[in-house]
Amino acid sequence: MPAVVGAIKIVNVGTGSVVHIGDSIQIAPSSVAKTFAGAGSFNTGDGLRIYNMVSSTNTYDADLADSIITSADKAVG
């Protein structure tokens, strides 16, 4: 059944995101990211008090690949 869509407003679209309006059979976004951050890195809000006297972030990663993404259109063949 066709979708009925009213007014929309898209403010921001990131690199790994999908914006789809209407009917669809399959949507498969593909994105991989790795983030290293120390203590208190992702705190948000008003009036925060964060006390991190000693902080270290282990960035050692022995494996070669964390996630291997294969696109569905490339896998068929």
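Val19 counts as partly exposed because its relative accessibility is 47%, a value that falls between the cut-offs of 20% for buried and 50% for exposed. Val19 lies in the segment before helix H1. The model described here is predicted. The protein has 77 residues, and 0% of them count as buried.

**Overall make-up**

- The protein contains one helix and zero strands.
- The helix, H1, covers residues 72-75.
- About 7,500 Å² of the protein is exposed, and carbon and sulfur atoms supply 52% of that area.
- Among contacts in the protein with a separation of 6 or more, 19% are between residues 24 or more positions apart.

**The nonpolar patch around Val19**

- Val19 is one of the residues that make a nonpolar surface patch of about 510 Å².
- The other members of the patch are Val5, Ile8, Ile10, Val13 and Ile21.
- Val19 can belong to such a patch because patch residues need over 30% relative accessible area, and Val19 has 47%.

**Asn43**

- Asn43 is found in the segment that comes before helix H1 (72-75).
- Its relative accessibility is 41%, so Asn43 counts as partly exposed.
- If residues up to four places away in sequence are left out, Asn43 touches Leu48 and Ile50.

**Met53**

- Met53 also sits in the segment before H1.
- Met53 counts as exposed because its relative accessibility is 73%, and the cut-off for exposed is over 50%.
- Met53 and Ala39 are 14 residues apart in sequence.
- In space, the distance from the C-alpha of Met53 to the C-alpha of Ala39 is 9.7 Å.

**Points to keep in mind**

- Val19, Asn43 and Met53 each lie in the segment before H1.
- Val19 is partly exposed at 47%, Asn43 is partly exposed at 41%, and Met53 is exposed at 73%.

Notes: Residues numbered from 1 in each chain as written. Predicted model: local features only at pLDDT ≥ 70, side-chain atom pairs only at ≥ 80, totals over all residues. Heavy atoms only, no water. Helix = DSSP H or I, 4+ residues; strand = E, 2+ residues; numbered from the N terminus. Buried < 20%, exposed > 50% of the residue type's maximum accessible area, 1.4 Å probe, protein only. Contact = heavy atoms within 4.5 Å. Areas by Shrake-Rupley, 256 points an atom, 1.4 Å probe, with all protein chains shown as cover. Patch = residues over 30% accessible without salt bridge, like charges linked within 9 Å, V, L, I, M, F, W, Y side chains within 5 Å. Salt bridge = Lys/Arg side-chain N within 4 Å of Asp/Glu carboxyl O.
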